[in-house]
Amino acid sequence: MTNKNTQITITGDLEGLLFSETDAQLLIDVLSELDQDLRDKIIDKSLNIAFMSSESIHELNTNFLNNDKPTNVLSFPATKEDNAEGILGDVAICPKIIKDESALQNKLERDHLFHLVVHSLLHLAGFDHKENVEADLMESLEIQALKKIGIANPY
């Protein structure tokens with residue numbers, strides 16, 4: 001069930017990570033099959049994914065979330081007005097941190113990256129993990145989606 005109206009743009013240096021517009025579309029498709037409300041929030045939207053250095057993501061994390069440190073991924077949901085215009089949002093990913101975490105956690109880089117993109121897509125759709133109930137729902141959706149593409153244990 002590929003959605004032909006989704007516009008996906010990937011920019012930046014992936015630093016050897018493998019990820020494409022086709023991969024992003026697969027993750028959107030899998031998530032959209034899990035829940036109709038989620039499907040309505042993420043299909044037919046444009047999505048930007050930017051791969052960036054640890055310095056650049058550190059700056060974003062400091063400026064937007066007041067966290068003075070680099071991080072693996074940041075999600076920037078579209079405003080309600082932009083979402084109504086067909087924009088889902090932006091995702092910033094740091095390949096160096098993904099690679100470092102994958103090695104430390106004994107995970108395949110691809111699996112870890114896919115997990116973080118799924119996690120980001122859920123944030124763009126309005127999910128959060130500040131409260132336990134929503135964190136449990138978000139984790140359940142992540143596990144279901146990743147199992148569908150052959151990632152058995154993302155945690």
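**A walk from the pocket to the sheet**

About 720 Å³ of space lies in the largest pocket of this predicted model, and that is a good place to begin. Its lining is made up of 29 residues, and those nearest the centre are Leu 65, Val 73, His 119, His 123 and His 129. Sorted by class, the lining holds 12 polar, 11 nonpolar and 6 charged residues.

Which elements build this wall? At least two lining residues come from each of H3, E3, helix H6 (109-124) and helix H7 (132-148). H6 gives the largest share, with 6 residues.

Let's follow E3 from the pocket into the sheet. There you will find an open sheet of 4 strands, ordered E1-E2-E4-E3 and with mixed pairing. Strand E1 (7-12) and strand E3 (73-77) form the edges, each pairing on one side only. From one strand to the next, the twist averages 15 degrees. The partner of E3 is strand E4 (residues 87-93), and the two run antiparallel over 5 bridges. Within this pair, Pro 77 stands opposite Gly 89 in E4. H3 packs on the sheet, where it touches both E3 and E4, and its direction makes about 45 degrees with that of E3.

Now take a closer look at H3 itself, which spans residues 54-65 and includes Asn 61. Is Asn 61 buried or exposed? Its relative accessible area is 3%, and because buried means under 20%, Asn 61 counts as buried. Beyond its neighbours within four places in sequence, Asn 61 is in contact with Asn 66, Asn 67, Lys 69, Pro 70, Thr 71 and Leu 74.

Notes:
Residues numbered from 1 in each chain as written. Predicted model: local features only at pLDDT ≥ 70, side-chain atom pairs only at ≥ 80, totals over all residues. Heavy atoms only, no water. Buried < 20%, exposed > 50% of the residue type's maximum accessible area, 1.4 Å probe, protein only. Contact = heavy atoms within 4.5 Å. Pairing = 2+ DSSP bridges. Axes fitted to C-alpha atoms, helices over the stretch in contact; angles between N-to-C directions. 1 Å grid on protein atoms, 1.4 Å probe; cavity = no way out; pocket = protein on both sides within 12 Å on 5 of 7 lines; lining within 4 Å. Points joined across faces, edges and corners; volume = space filled by probe spheres on them. Nonpolar A, V, L, I, M, F, W, Y, C, P; charged D, E, K, R; others polar.
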